[in-house]
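Biologist: I would like to learn how to read a chain pair and a helix in a model. Please take the general idea before each case.

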Protein chains: 2
Amino acid sequence: MYTIKKLQSIISEEISKEISQLNETEPKNLYEPISYALSMGGKRLRPVMVLLAGNLFSDSIENALPAALAIEVFHNFTLLHDDIMDGAELRRNSLSVYKKYNQNIAILSGDAMSIMAYNYLLRCDSSDHTGMIRLFSQTALEVCEGQQLDMDFESTLDVSIPQYMNMIRLKTAVLLACSLKLGAMAVGASEKSSDLLYAFGLNLGIAFQIQDDLLDVFANPDKFGKKVGGDIVSNKKTFLLLKALELSDPGLKITIQDWMTKSEFDETEKIQAITEIYKKLNIRMITEGYVNEYYKSALNLLEEIELPGEAKNELLQLAAMIMTRDH
Amino acid sequence: MYTIKKLQSIISEEISKEISQLNETEPKNLYEPISYALSMGGKRLRPVMVLLAGNLFSDSIENALPAALAIEVFHNFTLLHDDIMDGAELRRNSLSVYKKYNQNIAILSGDAMSIMAYNYLLRCDSSDHTGMIRLFSQTALEVCEGQQLDMDFESTLDVSIPQYMNMIRLKTAVLLACSLKLGAMAVGASEKSSDLLYAFGLNLGIAFQIQDDLLDVFANPDKFGKKVGGDIVSNKKTFLLLKALELSDPGLKITIQDWMTKSEFDETEKIQAITEIYKKLNIRMITEGYVNEYYKSALNLLEEIELPGEAKNELLQLAAMIMTRDH
């Protein structure tokens with residue numbers, strides 16, 4: 001089997017080739033922003049998941065490569081349009097596409113990327129080609145639903161934990177799950193194995209997203225790439241906040257709501273106050289309990305897949321990498 | 001064969017069913033704008049083309065229906081995002097989606113529609129399912145390219161007639177061509193017939209778009225739904241303008257450019273002045289010559305398709321309807 005590092009280098013090379021081609025494609029104002037978006041990098045987590053899943057069942061991962069590209073291009077499309085919607089001027093320390101070019105170019109280049117993702121997927125030569133496209137397309141729509149729910153949550157405090165879980169399932173987890181299943185399907189793995197991988201990815205994705213919320217507050221500031229407490233400042237409806245609202249008595253609830261409705265405040269003071277409430281309500285341990293529960297479910301599903309131990313080890317490494325990624 | 005009117009009523013009913021379903025689908029803020037966009041109506045020209053093409057080769061058009069929905073949803077997605085990019089507040093006398101809701105909702109609902117188009121297409125049960133998706137996806141990307149070229153043209157006077165022809169081919173004609181070919185493919189027509197229909201649609205689409213430019217200036221104001229001369233006021237790079245720039249001597253060219261760079265002017269005066277130049281350069285006849293050339297090419301291609309006369313008559317009626325549509 002290939003190591004994760006090797007798979008990362010394979011997909012990076014593949015993306016570089018695509019970027020070179022895009023730089024030669026007209027109209028420039030459509031394809032250059034796409035090339036720019038793809039060249040911003042990142043760990044290429046999702047395409048590596050596609051390739052790794054393929055490699056679990058086949059020595060040759062040739063056929064999973066177009067699916068890996070499809071997933072990476074689609075993921076970057078969502079980032080591109082999300083940045084317009086969030087007004088985010090930076091992405092991975094570079095200007096976001098809409099800021100570097102303009103909004104119209106960003107909308108249209110994003111549209112083209114979403115279509116290109118299908119075009120990559122159409123290059124696969126799989127026995128269940130239509131099944132792969134169907135899974136991808138269903139997932140893509142779910143990601144849109146998740147993004148809309150996330151936007152809906154911005155304007156309400158009335159979000160239950162089950163509603164939040166549904167949102168992160170759609171916004172984050174289904175694409176990780178789809179990545180693994182597509183890789184397996186591309187090399188002709190059995191339906192049972194593909195489905196188990198999907199379920200593994202779904203649980204892993206949910207664990208990852210809740211942990212992401214946790215790290216915003218309780219990360220080691222020296223290792224954490226962004227400002228600790230950013231979600232608190234921006235009133236993001238994280239697992240921690242929603243759980244705190246659920247568990248707090250009426251008085252404490254009002255204190256939290258007061259902080260959230262203040263338009264002028266000292267950021268450090270707000271972060272400190274909310275973090276104190278989290279500590280009082282034992283939110284860190286409760287959240288870690290959820291993370292562990294979903295992570296364990298993922299590992300249990302992995303047990304069920306009929307694979308040699310070496311293959312499973314690679315998947316475990318990937319899972320660990322996802323859970324401990326630098327932010 | 002079904003009449004065009006009957007096909008219009010079939011697709012309208014189909015779209016109404018989809019709209020009802022969308023109104024029941026969560027998240028509301030994602031699917032209600034889609035339902036709104038689809039309910040704005042129009043003549044459903046493209047889906048009728050899909051069904052008519054299917055009906056040419058098969059009495060049962062059941063299998064072309066999902067492709068017809070795919071094309072209509074995709075077309076409305078392009079309108080939705082175009083309205084954001086153009087800042088167009090009205091669409092068919094109703095508020096455009098971004099104006100009725102907001103920009104973020106319009107971006108995301110459009111994204112979802114583009115994905116939904118594939119999902120509809122995936123419902124077809126055709127022997128060349130992948131071929132249909134491939135054609136659709138290729139076409140969808142071309143439409144994005146055409147839209148980008150059209151936006152590029154806004155900021156330059158240096159657009160040649162061949163560049164313009166390429167832009168309208170991509171922005172308008174390929175989707176008409178694709179509609180016809182998808183319908184034929186959905187019912188298993190021969191490759192030769194499908195390809196001829198595509199070429200027919202391409203030529204028809206180009207004729208239609210040039211005629212659209214012509215009608216902006218030379219339409220009967222009583223029958224024309226919008227203000228005659230709108231393209232002149234907004235400096236749109238129409239076939240007429242580009243041809244006039246090509247044919248005018250240096251002095252006349254400067255006159256045209258002067259009108260185009262004026263930021264304050266009397267609209268009626270500008271329309272009159274440019275129309276005078278068009279008349280002087282015989283632009284109307286030249287443009288009609290191009291329209292007729294492409295229209296005749298379309299009809300010649302139709303001759304080559306092996307079909308009974310009755311079937312061809314329906315296609316001819318459709319072609320005539322496209323060329324004489326009310327604006």
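Modeller: We take the two chains together, then one helix.

Modeller: This is a predicted model, in which local features need pLDDT of at least 70, side-chain atom pairs count only at pLDDT 80 or more, and totals for chains, interfaces and linings use all residues. Residues are numbered from 1 along each chain as its sequence is written, and chains are lettered from A, ligands numbered from 1, in the order in which they are written.

Biologist: By what turn can chain A be laid on chain B?

Modeller: Copies are superposed by least squares on the C-alpha atoms of residues with pLDDT of at least 70 in both. Here a turn of 180° with a shift of 0.0 Å along the axis lays chain A on chain B at an RMSD of 0.0 Å. That is the relation of a two-fold axis.

Biologist: How many residues does the contact take from each chain?

Modeller: Residues are in contact if their C-beta atoms, placed from the backbone, lie within 7 Å. The contact takes 31 residues from chain A and 31 residues from chain B. On the side of chain A that touches chain B, α7(A) gives the most, with 14 residues; helices are DSSP runs of H or I, at least four residues, numbered from the N terminus.

Biologist: How do I read one face of a helix?

Modeller: An α-helix has 3.6 residues a turn, so residues three or four places apart point the same way. In α1(A), L7(A), I11(A), I15(A) and L22(A) are buried (20 or more other C-beta atoms within 10 Å of the residue's own). They fall within an arc of 65°, taken from the directions from the helix axis to the C-beta atoms, so they line one face of the helix.

Technical notes
Contact = placed C-beta atoms within 7 Å. Helix = DSSP H or I, 4+ residues; strand = E, 2+ residues; numbered from the N terminus. Buried ≥ 20, exposed ≤ 12 C-beta atoms within 10 Å, placed from the backbone.
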